[in-house]
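Colleague: I would like to learn how to read a structure like this one feature by feature, with the general idea before the particular case. Could we start with how a helix packs on a sheet?

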Amino acid sequence: MTIFLILILLILVTVSIWQVTKILELSQSKEESTQVADDDDNQMQGKLMFAFLIFIYVLTLFSFWRWGDVLLPDAASDHGPEYDNLMWVTFSVIFFVQTVTQAFLHYFSYKYRGNKSRKAFFYSDNDRLEAIWTIIPTIVLAVLILYGLYTWNDIMFVEENEDALVVELYAQQFNWKARYGGKDNVLGDANVRFLQDFDGKNLVGIDATDPNGLDDIIVQELHLPVDKEIIFKMRSQDVLHSAYMPHFRAQMNCVPGMITEFAFTPTKTTEQMRMDTDVISKVRKINEIRKVNSEELIAKGEEALDPYIFDYVLLCNKICGASHYTMQMKIIVETEQEFNKWIKSQLTFSQFIQ
Amino acid sequence: MDKKSADFFSIYTIIYTDMLIESANAHEDDHEHHHKETFITKYVFSQDHKMIAKQYLITGLFMGFIGIAMSLLFRLQLAWPEKPFAIFEVLLGKWAPDGVMDPNVYLSLVTIHGTIMVFFVLTAGLSGTFSNLLIPLQIGARDMASGLLNMISYWLFFVSCTLMIASLFVEAGPAAAGWTVYPPLSALPQAMPGSGTGMTLWLVSMAVFIASSLLAALNYVVTVINLRTKGMTMTRLPLTIWAFFVTAIIGIVSFPVLLSAALLLIMDRSFGTSFFLSDIFIQGEVLHYQGGSPVLYEHLFWFLGHPEVYIVILPALGITSEVIATNARKPIFGYRAMVASILAIAFLSTIVWGHHMFISGMNPFLGSVFTFTTLLIAIPSAVKAFNYITTLWKGNLQLNPAMLFSIALVSTFISGGLTGIILGDSTLDINVHDTYFVVAHFHLVMGISALYGLFAGVYHWFPKMFMRMMNKNLGYIHFWVTAVCAYGVFFPMHFIGMAGLPRRYYTNTNFPYFDDLANINVVITVFALIAGAAQIVFLYNFIHSIFYGKKTEQNPWKSNTLEWTAPIEHFHGNWHGEIPHVHRWAYDYSKPGHDEDYIPQNIPLKEGEEELQH
């Protein structure tokens, strides 16, 4: 059906292009054209340039009106609002410059469209103007650079401390695992060369001779206590992956052969996030789409889709192979009590390999 | 250096320059006396820069159509994920069982689309075509400094295209690790089928491509420095030549580094070294690699990869400068500032590569340094954009298709460039890195802009290349459909990127989180399909005009640069008799005190006429 629609669309486009050419050709003078734009062309193309400016504005407004709600999901980490502020400041600068420069560019293209009776104004240089539009961008960028670097330092420089929870994110084609340090909150040494020990039960390659590793806990679902700093240590066993947690404004590549780091403090539990009005409307929107899709599936005799419930996600954001698009892990942010209860119920490494 | 050796050095330079000039003059005798050329020497192994330019253009366009067609295929998959399409069955065969695209071939398509568009179309097709055509013609030279090297450079490019196309037909499929081919994914056939023979061919093809582009770049630099006609000082060069010249220098500086990255990757793949690999367990097996780092590869790749962006965009901006000034019938505003910003962009472009690696595991301090240098690039870019806009102000704009594409280039260069302020800021990059936001950004700022530069160049210099004019009405239709669709494709794409959708996902409906983006993807694909169809209009116009276009006048756009003083018909050596001498800069349009609104560079100054102190 879609193929049919596309074919019809393509045919219509072709026919209309053909017709428009005919009209343009007929509307031009009978003498053979030199194929250089004449005054009539300049008139028409100049006006179209102005129409194009309106098109750009309408497209912008339409996009924000129709799709504005998908921009930047709500932030749920303590540096999230900082990140968002910087984003909106930068965004307003960009938006302003875009609106103004596009207006000048297209308006001039319309206003000064060519005409045989006119001559262009010979104007080749103006040091003052040049200085103005070198200095103003310099100042604006200096502010953005300083603001950006200030925030960057704030986010990226991880200080090891007693209070923080250390979690390892372990990536492999095509799934994630997480490792907690257990009672001592210290991750045991690990290397891919231990992966085959204990009949393959050594899921992330812990060095069994390191006592720190015995109480480590390896899970397939990431649980985080709210309002506690989490220091992530990332590893990969095969190719590059990237641990991307959009709600926490967090991302770091996982590189085989080295341990990378990222730290943040989650500020909203999954439950709190589910009560957020934006999230509720997103979930409703997605479920409406899924309902329609399910009806199609049922008509074909297949199973309906499960309704969507909001959860934080950890995505792989670095191409890692054929099933890259499936590689993700659920993140559950909960109160400290809930977290402690959950982690107590998990098997430690030494229990698991028994 | 003592005085004696300094003397020797300068004498040597003079002799060498003389030799070049003599060899150029020798061409002059050639065309006058014995002009017997066979089909092979004229059309195939030609050493004439004009023929080589056409060879580059046609090869580049051919590759371009493959690249664009690939993007349409994967756009279909993205809009209607895992739906069967008859066209997939026809084109992809075993890679689309029952017409449903396989995830591996999806990744191959995005990888080869990127490779072809960046290197084969926008590097070789754009810079190769117009540097070859315009450098000798606009500086007043008989040909390139070395016609032979120039010919070899084209044929190496041809070999590299052939290898890349051949890689599409290997058993396990072509390279699929993304156009950046980061190891270990690209190094290990166990990681994905595309990293087998397909990847080997990709690397060999790129190595040959680099050799080709280095030979070409050296030739451009030597030609611009040594073969300018009398009176053509560096400050009288058209901005096209400045752009090609500086582009060639960036190429010489950065392409060798990509070659070393490719060679080391070949070593890791085939000879068991560990430059980029360490501690790998895959398919139930621990590999022997120890001590390498994929981050090293990223540094080497982006040391070329980022300057490459400017290798692509600078020639397009050069073409735009020329086309805008000619069609605005006005001097380009701020010639010196334009040259200075080209130089500043070129310099900065070689020290910003780390902004592709903010979250690669590189030290965050290094990230701050790269944020700083990256955002600085916005300054010369802004100067260029403002100068273009001022050039339009109070002009007498002749809105030919080439002019429309040039204006649109400025528009997309601004829209795409501005989002670079977000991506170049290490902090903001955290959440949009590797999402569709990046895809939207670079497609507008260097993909679409450079393509517009290519189209502007083709429409403008078509009469010089093929002695006929292209049809303007078809040109207008091509332009408007393309311009509307380009924004239609890439503007909404920013939204799905900001929503957090990672790029290179085979589908975004595997889990429900991104379900609400599906309709935006449909909109994007519909625009992409229409834009693709519009290129058929261009193709038809291009081919039809080569054979049946209206015969051109010598200077159809009433332009000042030297190529329009050369006779319409092509012969090796460009000008009959003496090469014209240059008496003024290239932008004396609508100069007061003259009847015509243009004064070609070879017209001497009138008595009492002031030469501009530009």
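Modeller: A helix that packs on a sheet can be described by the strands it crosses and by the angle it makes with one of them. In this predicted model, helix 8 of chain A, residues 336-344, lies across strand 4 and strand 10 (328-334) of chain A, and its direction is at about 140° to that of strand 4 of chain A.

Colleague: In what order do the strands of the open sheet with strand 4 and strand 10 of chain A stand, and how are they paired?

Modeller: Strands of a sheet pair through backbone hydrogen bonds, either parallel or antiparallel. Here five strands of chain A form an open sheet in the order 4-10-9-6-7, and the pairing is mixed. Strand 4 (222-225) and strand 7 (250-254) of chain A are its edge strands, each of them paired on one side only. Ignoring direction, neighbouring strands of this sheet are turned against each other by 20° on average.

Colleague: Which strands pair with strand 6 of chain A, and through how many bridges?

Modeller: Strand 6 of chain A, residues 241-245, runs antiparallel to strand 9 of chain A, residues 312-316, and two bridges join them. Within that pairing, A:Ala243 stands opposite A:Cys316, while A:Tyr244 stands opposite A:Leu315. Towards strand 7 of chain A, strand 6 of chain A is again antiparallel, with five bridges, and A:Ser242 has A:Asn253 as its bridge partner there. Strands 6 and 7 of chain A form a hairpin with four residues between them, and A:Arg249 in the turn has a positive phi of about 50°.

Colleague: Is strand 6 of chain A mostly covered or mostly open?

Modeller: It helps to take the two faces of a strand separately. Strand 6 of chain A is mostly covered, with five of its five residues buried. On one side the buried residues are A:His241, A:Ala243 and A:Met245, and on the other they are A:Ser242 and A:Tyr244, which leaves both faces covered.

Colleague: What is the strand order of the open sheet of chain A that has strand 8 in it, and why is one side of each edge strand left without a neighbour?

Modeller: That open sheet of chain A has five strands in the order 3-2-1-5-8, with mixed pairing. Its edges are strand 3 (217-219) and strand 8 (260-264) of chain A, and because each has a single partner strand, one side of each is left without a neighbour in the sheet. The average turn between neighbouring strands of this sheet, direction ignored, is 25°. Strand 5 of chain A, residues 230-236, runs antiparallel to strand 8 of chain A and is joined to it by five bridges, with A:Ile230 opposite A:Phe264 of strand 8 of chain A.

Colleague: Why is chain A said to be more spread out than a compact globule?

Modeller: The usual approach is to set the radius of gyration beside the value a globule rule gives for the chain length. Chain A has nine helices and ten strands. Its radius of gyration is 29 Å, well over the 20 Å given by the globule rule for 354 residues, so chain A is more spread out than a compact globule. The C-alpha trace of chain A spans about 95 × 65 × 40 Å along its principal axes, and 36% of the 354 residues in chain A are buried.

Colleague: And how does chain B read by the same rule, and why?

Modeller: Chain B consists, in secondary structure, of 17 helices and two strands. For its 614 residues the globule rule gives 25 Å, and the radius of gyration of chain B is 25 Å, so chain B is as compact as a globular protein of that length. Its C-alpha atoms fill a box of roughly 80 × 60 × 50 Å along the principal axes, and 64% of the 614 residues of chain B count as buried.

Colleague: How many residues does each chain bring to the contact, and which element of chain B gives the most?

Modeller: The size of an interface is often given as the accessible area lost when the parts come together, but one can also count residues. The contact takes 113 residues from chain A and 122 residues from chain B. On the chain B side, helix 16 (residues 472-498) gives the most, with 13 residues. By class, this side of chain B has 79 nonpolar, 29 polar and 14 charged residues.

Colleague: How far does helix 16 of chain B reach, and is it mostly covered or mostly open?

Modeller: Helix 16 of chain B has 27 residues and reaches 39 Å from its first C-alpha to its last, close to the 39 Å expected at 1.5 Å a residue. Of those 27 residues 24 are buried, which leaves helix 16 of chain B mostly covered. Just after helix 16 of chain B comes B:Gly500, with a positive phi of about 100°.

Note on methods:
Residues numbered from 1 in each chain as written. Chains lettered and ligands numbered in written order. Predicted model: local features only at pLDDT ≥ 70, side-chain atom pairs only at ≥ 80, totals over all residues. Contact = placed C-beta atoms within 7 Å. Nonpolar A, V, L, I, M, F, W, Y, C, P; charged D, E, K, R; others polar. Pairing = 2+ DSSP bridges. Axes fitted to C-alpha atoms, helices over the stretch in contact; angles between N-to-C directions. Rg over C-alpha atoms; globule rule 2.2 N^0.38 Å. Buried ≥ 20, exposed ≤ 12 C-beta atoms within 10 Å, placed from the backbone. Expected span 1.5 Å × (residues − 1).
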